[in-house]
Amino acid sequence: SLAVRHVDAGSCNGCELEIGAAAGPHYDLARFGLSIVASPRHADVLLVTGPVTVHMRAALLAAYEAMPEPRIVAALGNCALGRGILAATDALAGPLEDLLPVTVRIAGCPPTPEQIITGLEPLLHKAATT
């Protein structure tokens, strides 16, 4: 199983609604062995949504540093991938990939619960083999 810590780095909340749906009883993220945790100290995966705003940069980096090794970063949604409508503004700290090493990329605006599960599921297989 994998523990996932979500960090909203400045999103519109569209991705958060889909994460909630994926974790809810209909899609049941937990049945795949994926659980959302409250602390980065307990997380295997840092799931980042939104473009990284200047004001969220330090908090995002602190969450990453608090994670145990090996750290996995998943970019969720077009904004986290630097493709959103907010891709070029002075309020952003830069693309997530310029700040942290991104392992998983889940595109969409917002991605559906199925896309979220499909994007995270290969991490379970990777974790099982290491």
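Begin with the aromatic rings: a search for aromatic pairs in this predicted model returns zero. An aromatic ring does, however, take part in another kind of contact. Select Tyr64 together with Arg71: the arginine lies over the face of the tyrosine, 4.9 Å from the ring centre.

**Stop 1: around Arg71**

Keep Arg71 selected and add Glu65. These two residues form a salt bridge, with the closest N and O atoms 3.9 Å apart. That separation qualifies because the cut-off for a salt bridge is 4 Å. Glu65 itself is exposed, its relative accessible area being 52%.

Next, add Glu69. Arg71 forms a salt bridge with this residue as well, and here the closest N and O atoms are 3.2 Å apart. Glu69 also counts as exposed, at 60% relative accessibility. Side chains of opposite charge can pair when their charged atoms come close.

**Stop 2: the peptide bond after Glu69**

Display the backbone from Glu69 to Pro70. The peptide bond joining Glu69 and Pro70 is cis, with omega about -10°. To place Pro70 in the fold, colour helix H2 (57–66) and strand S4 (72–76): Pro70 lies in the loop between them.

**Stop 3: Arg105 and Glu97**

How many salt bridges does a search of the whole structure find? The search finds three. To see one that has not yet been visited, select Arg105 and Glu97, whose closest N and O atoms are 2.6 Å apart in a salt bridge. Arg105 is partly exposed, with a relative accessible area of 42%. Glu97 is likewise partly exposed, with a value of 41%. Which residues are joined into one network by salt bridges that share partners? They are Glu65, Glu69 and Arg71, so return briefly to the first stop to view these three residues together, with Arg71 bridged to Glu65 within the 4 Å limit.

**Stop 4: the largest pocket**

Now turn to the largest pocket, which has a volume of about 200 Å³. Its lining comprises 16 residues, and the closest to the pocket centre are Cys12, Cys15, Cys79, Ile85 and Cys109. Select these five residues and centre the view on them. By class, the lining of this pocket divides into eight nonpolar and eight polar residues, with no charged residue.

**Stop 5: from Cys109 to Pro110**

Cys109, one of the residues closest to the pocket centre, leads to the next selection. A cis peptide bond joins Cys109 and Pro110, and its omega is about -15°. Follow the chain to Pro110, which is in the loop between strand S5 (104–106) and helix H4 (113–129).

**Stop 6: positive phi values**

Select Asn13. Its phi is near 90°, a positive value in a residue other than glycine. Asn13 is located in the loop between strand S1 (2–8) and helix H1 (14–23). At 38% relative accessibility, Asn13 counts as partly exposed.

Finish with Asp28. Is this residue buried or partly exposed? Asp28 is partly exposed, at 29% relative accessibility. Asp28 is not a glycine, yet its phi is positive, at about 50°. To locate Asp28, look in the loop between H1 and strand S2 (34–36).

How values were computed
Residues numbered from 1 in each chain as written. Predicted model: local features only at pLDDT ≥ 70, side-chain atom pairs only at ≥ 80, totals over all residues. Heavy atoms only, no water. 1 Å grid on protein atoms, 1.4 Å probe; cavity = no way out; pocket = protein on both sides within 12 Å on 5 of 7 lines; lining within 4 Å. Points joined across faces, edges and corners; volume = space filled by probe spheres on them. Nonpolar A, V, L, I, M, F, W, Y, C, P; charged D, E, K, R; others polar. Salt bridge = Lys/Arg side-chain N within 4 Å of Asp/Glu carboxyl O. Buried < 20%, exposed > 50% of the residue type's maximum accessible area, 1.4 Å probe, protein only. Phe/Tyr/Trp six-rings, centres within 6.5 Å; stacked < 30°, edge-to-face > 60°. Lys NZ or Arg CZ within 6 Å of the ring centre and 35° of its normal. Helix = DSSP H or I, 4+ residues; strand = E, 2+ residues; numbered from the N terminus.
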